[in-house]
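Biologist: Could you take me through one part of this model up close, and then show me what lies around it? Plain language is fine, but please spell out the cut-offs as you go.

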Amino acid sequence: MKLFLATLLASTAVFSAALAGETLDKVKARGSLVCGVSEGIAGFSAPDSTGTWAGMDVDFCHALSAAILGDATKVTFKPLTAQNRFTALQSGEVDILSRVTTYTLTRDTALGLDFGAVLFYDGQGFMVPAKLNITSARELDGATICMQTGTTNELNVADFFRSIGKPFSPLAIEDVNELNNAFFNSGRCDVYTGDTSGLAAWRSSLAQNKDDYVILPELISKEPLAAAMRHGDQQFGDIVRWVGFALIEAEEKGITQANADEMKSSADPTVQALLGVSPGLGKALGLDEAWALNAIKAVGNYGEIFERNVGAKTPLGLQRGTNALWNKGGLIYAPPAR
Amino acid sequence: MTGMLRPSRRRSADFLRSLFSTWYNALITLALLFVAFKAVPPLANWLVFDAVWSSPSADACRLAAGACWAFIREKARFILFGLYPYGEQWRPLLAVLLLVGLVLVSANKRCWTPWLLAVWPAVIAAVLVVMAGGFAGMAAVPTAQWGGLPLTLLLAVVGSAFAFPLGILLALGRTSGMPLIRSVCVGYIEFVRGVPLITVLFMASVMLPLFMPAGVEIDAVLRALVGMTLFVAAYFAEVIRGGLLAVPKGQFEAVHALGLGYWAGMRLVVLPQVLRISVPPLTNTLIGLIKDSSLVAIIGLVDLLGASKRSLSDPEWLGFYREAYVFVALIYFAICFSVSRYSRRVEADLSARQKH
């Protein structure tokens, strides 16, 4: 089924390349950006009690709309399932897919997509009860492991345990609530595997005491999450990529939502270029010179977006870890905006 | 008064005796009493006594052992109306009232007049207009933001409204003497009945856009509505065909003897009898349709069940899925149980009439 869909989508890729250069015009003519998000993934894109979307993926769409249209509110959110997200992008139903999507080679090529800056580095990991006194996934021997069916998690776990030559027994459950129940309440499994951001989120919201569970240091897969757009529209692709980089650069240079206007008088030539004081970058992208300024004023810099949606003070309680800036021990890095 | 009480008292005595009439009945009764004794107190504690009824945040709920009804309080509007703009939610409320009113009026036998046929399209149009807006100061709300109970009811009511005439035509076609029409109808009905609804919806949502020219998009709600209508029509057709077969041959012969044409005979003599017979199985199919409408969640629509699932992803309120599902189950139960009770009444009516 997956292969069939991929082939089918690939065959439409040629045809959608004809749309090159049109996305920006379309967005400007429509006066709003149509942004594909998830149906509800806490911290990334989820509706609150009044139906207002919030999360990292949502904030990126607001930033993009602020950069292109000068108004962060001009976004229409379209919830997409994991199955229909790529079709929706290919058929032009959405301008951009900002939906915890992993950047992979086949998606970049055969599916006819392009990817923006990686805005979240995730990876599959293991969580165990602290009372087991396990400090490394390599110590797991014959453990019962809870995982969600229909994800790549199952395969990754099998590969990992084959590589360390130890047995394990999988307990695969489709419904995530049932899965959580199996691990946190009924103790049907000793180990819970999944993307570490998800594990941390469930731990902080479901465990009686957060310290009763530890997430082991090994990551057995790479899941760099990035916004996706249609292949072939280079100009729009550049914009998506550089709005992401601008948010990262802003954190590096200490530009925040609050001080963005004051920073315009900064002596730093990079800051001046980024905020449009010394013109050029906006023109190069085909946008207003205030593009990055508007984006930062709308949602803050990368660090602010992270802390607001998934950071230590939120119910998800994630540490920056691999998602810290490159000069603070993480992987978040933006090429120079000049 | 005492005369009226006696039979019921005897019935309850009979009932008690039947519980312990034989050794195995007694055993089953005792076993069930034991299960109830074990299960009811914790359930009652969870549902009522340990429950948190109101709290501004999830913290109080996390400490409590019982249900978190504060979650339902917080999320009720989201579950009922989905992503519809918060300030405009009187409109979906009005739409729900209109649809429920329409169904109630249609259920009343005194209202079964030709007028009703005109009322249906008018009310459905009014519902769509109120939901969509875009005039008289009402902001336009695209269908992508429709959700919750109005969407579920809309799919069920409008779906059955279109499927019903289509089903009649298909049933007539299937029993028709013309081979071409008959084979087309048989082919359609059997094909649709051979495919799960989820496949039809999946085709409509994932495959259809790929065959469309670039930029042309068919509204997702419309896609689901058309898919469900075409699907249910096939089931309605089979129910109505059953009704057609149950009408005595003499009736058809009488139509011919009166010199009525095919359509006139069908309309005046045969179909009224068919529909009366078919009400119970039609309501059955309708209940199925109401519950199946939750499958639209897989094509990204936020129906009642979908909205309750999405309410679970708010980071401030993670993990209260039991409460959400109990709440939604109660709503579905209220709808389906009333439809089923109504069908029972019609059935009783019908058999009473046949006795005369």
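Modeller: Let's start with Val100(A), which sits in the loop between β5 (96-97) and α5 (105-108) of chain A. Helices (H or I, at least four residues) and strands (E, at least two) are DSSP runs, numbered from the N terminus. This is a predicted model, where local features need pLDDT of at least 70, side-chain atom pairs count only at pLDDT 80 or more, and totals for chains, interfaces and linings use all residues. Residues are numbered from 1 along each chain as its sequence is written, while chains are lettered from A and ligands numbered from 1 in the order in which they are written.

Val100(A) has a positive phi of about 20 degrees, although it is not a glycine. As background, most residues other than glycine have a negative phi. Val100(A) counts as buried because 24 other C-beta atoms lie within 10 Å. The cut-offs, with C-beta atoms placed from the backbone, are 20 or more other C-beta atoms within 10 Å for buried, 12 or fewer for exposed, and anything in between for partly exposed.

Asn133(A) is another residue other than glycine with a positive phi, near 55 degrees. Its loop runs between β7 and β8 (143-148) of chain A. Asn133(A) has 9 C-beta neighbours inside 10 Å, so it counts as exposed.

That loop leads us back to β7(A) itself, residues 124-129, where five of the six residues are buried. β7(A) pairs with β10(A), residues 191-195, in the antiparallel sense over four bridges; two strands count as paired if DSSP finds at least two bridges between them. One of the matches puts Gly125(A) opposite Gly194(A) in β10(A). β7(A) also runs antiparallel to β11(A), residues 213-215, with three bridges joining them. There, Val128(A) has Val214(A) as its bridge partner.

These strands turn up again around helix α8(A), residues 196-206: nine of its eleven residues are buried, so the helix is largely enclosed by the rest of the structure. Among the buried ones are Leu199(A), Trp202(A) and Arg203(A). The cover over them includes β6 (113-122), β7, α7 (176-185), β10 and β11 of chain A.

Now for the nonpolar core, meaning a set of buried Ala, Val, Leu, Ile, Met, Phe, Trp, Tyr and Cys residues joined through C-beta atoms within 7 Å. The largest one has 177 residues, and Ala67(A), Ala295(A) and Ala224(B) touch the most other members. Its largest share, 15 residues, comes from helix α10 (residues 220-246) of chain B. Leaving aside residues up to four places away in sequence, Ala67(A) touches several residues, including Ile239(A), Leu287(A), Trp291(A) and Ala295(A). Touching, or contact, means that the C-beta atoms, placed from the backbone, lie within 7 Å.

Where do the two chains meet? The contact takes 29 residues from chain B and 31 residues from chain A. On the chain B side, α4 (69-81), α9 (197-211) and α13 (304-311) each give two or more residues, and the largest share, four residues, is from α9(B). By class, this side has 16 nonpolar, six polar and seven charged residues. Here Ala, Val, Leu, Ile, Met, Phe, Trp, Tyr, Cys and Pro count as nonpolar, Asp, Glu, Lys and Arg as charged, and the others, Gly among them, as polar.

Chain B has 14 helices and two strands, and 33% of its 356 residues count as buried. In UniProt, an unreviewed entry places the feature "transmembrane region" at several stretches of chain B, including residues 153-173 and 220-240; positions follow the numbering used here, feature names are shortened, and annotations may be inferred rather than shown by experiment. Residues 153-173 of chain B are 100% helix, with the end C-alpha atoms 29 Å apart. Residues 220-240 of chain B are also 100% helix, with the end C-alpha atoms 30 Å apart.

Finally, confidence. pLDDT is the predictor's confidence in each residue, from 0 to 100; its mean is 88 for chain A and 86 for chain B. In chain A, helix α3(A), residues 56-69, is highest with a mean of 97, and helix α1(A), residues 2-16, is lowest at 47. Where pLDDT is low, the predicted coordinates should not be read in detail. For the complex, the predictor gives an ipTM of 0.78 and a pTM of 0.83.

Note on methods: Contact = placed C-beta atoms within 7 Å.
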